[in-house]
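Subject: Structure handover

Hello,

Here is the structure I said I would pass on. My notes on it follow below.

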Amino acid sequence: MDNNSVITMFTLSGLNGMANYRGTLFALTLLCYCVIWLVNLTIIVVIIMDKSLHEPMYIFLCNLCINGLYGTTGFYPKFLIDLLSTTHVISYAGCFLQGFVLHSSACADFSLLALMAFDRYVAICRPLVYHSVMTKQRVCLFVFFAWLIPFYLMFLSSITTLISKLCGSHIPKIYCVNTLIGNLACSASIAKIIIPAFNYTFYFGHVIFVVWSYIYLIRTCRTSKEGRSKFMQTCLPHLISLIVVVVTLLFDLLYMRFGSQTLSQSVKNFMAMEFILIPPTINPLIYGFKLTKIRNRIQSFLNCKFHS
């Protein structure tokens, strides 16, 4: 293949050698996908329908759940089709689209979690100015940029990869990612190095900001019983969500960069699926059980359904 116009399909090799388990894996994957839709959609509908939840923290949470559905939709339908097929290929455009969706969803997670950390910091550490800082207009602007910036950065990254001349079509994974597509390039380019490096640095800055905000939150909350209670109620779920997202994403990124090729294919597939399985499932469950307003609203709805 001497130019990228020859390549019209990519081959995904992640499911090779798993023919005996495809039926079981399909059923488990479909169940997981249904659970992800159920728990995230429940949180989204509750927040939209209940006007008392139209506050910054819940608006950010609603967008976090929407992002969970957006990211998983870029993976699960194609993966379920592959489990029923004997050939695992994806079109040239489809591969880039899947990579864009998965990357932008992961970045949007960090943007929204950083916004939630900022909201809790202002609410607990600067309560007197909270309502003047977190106005409706400003919250809408924050949410807009939390989606726009990941989309823009991943668009640049995808375009850089798209214009590269490719000398191969084999992707050793169960889905497409820009890094692996870029590895198929016939020659290295400065843009292919600079743009991912900038993106990693930019979102590492998000993590540093969240850590910094939580240092101040912990210092503020530990001085009073009410503060500790507020931290456990509203901040702990967010902290758990951040840890889950960072750890699962780091596992996959570090494995792609430095992972051993001696690991079994099943372990590789699990590590590849972690960040599109665990955070979208765990995040809404954590918030649903921990945040009193959401939990009470769900319980009252279920009670009404049960008694009717």
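How much area does the protein chain expose, and what share of it do carbon and sulfur atoms supply? The exposed area is about 15800 Å², and 71% of it comes from carbon and sulfur atoms. Please keep in mind that this is a predicted model.

Overall form

The secondary structure of the protein chain consists of 12 helices and three strands. With a radius of gyration of 21 Å, close to the 19 Å given by the globule rule for 308 residues, the protein chain is as compact as a globular protein of that length. Its C-alpha trace spans about 65 × 50 × 35 Å along the principal axes.

Of the 308 residues in the protein chain, 48% are buried. Taking contacts between residues at least 6 apart in sequence, 80% join residues that are at least 24 apart. As for charge, the protein chain has 22 positive and 9 negative charges, and the mean positions of the two groups lie 6 Å apart.

The nonpolar core

The largest nonpolar core holds 86 residues. Phe10, Leu61, Phe75, Ile171, Tyr175 and Ile294 have the most contacts inside this core. Helix α4, which covers residues 92–125, gives the most to the core, with 21 residues.

Ile171 can serve as an example of these contacts. Setting aside residues up to four places away in sequence, Ile171 touches Phe10, Thr11, Leu12 and Ser13, as well as Cys95, Cys176, Leu180, Ile181 and Leu184. Phe10 is thus listed twice in these notes: among the residues with the most contacts inside the core, and as a contact of Ile171.

Two residues in helices

Cysteine 65 sits in helix α2 (residues 56–73). Is cysteine 65 buried or exposed? Its relative accessible area is 1%, so cysteine 65 is buried. Beyond its neighbours within four places in sequence, cysteine 65 is in contact with Asn40, Ile43, Ile44 and Pro284. Between the C-alpha atoms of cysteine 65 and valine 244 the separation is 15 Å, while along the chain these residues are 179 residues apart.

Asparagine 199 is part of helix α8 (residues 190–221). Asparagine 199 has a relative accessibility of 7% and therefore counts as buried. Which residues does asparagine 199 touch, not counting those up to four places away in sequence? They are Leu153, Met154 and Ser157.

Regards

Definitions and conventions:
Residues are numbered from 1 along each chain as its sequence is written. This is a predicted model: local features need pLDDT of at least 70, side-chain atom pairs count only at pLDDT 80 or more; totals for chains, interfaces and linings use all residues. Side-chain values use heavy atoms; hydrogens and water are left out. A nonpolar core is a set of buried Ala, Val, Leu, Ile, Met, Phe, Trp, Tyr and Cys residues joined through side-chain atoms within 4.5 Å. Buried means under 20% relative accessible area, exposed over 50%, partly exposed in between (1.4 Å probe, protein chains only). Helices (H or I, at least four residues) and strands (E, at least two) are DSSP runs, numbered from the N terminus. Contact means heavy atoms within 4.5 Å. The radius of gyration is taken over C-alpha atoms; the globule rule is 2.2 Å times the number of residues to the power 0.38. Accessible areas come from the Shrake-Rupley method with a 1.4 Å probe; for residues, only the protein chains shown count as cover. Lys and Arg count as positive and Asp and Glu as negative; His and the chain ends are not counted. The place of a charge is taken as NZ of Lys, CZ of Arg, CG of Asp or CD of Glu.
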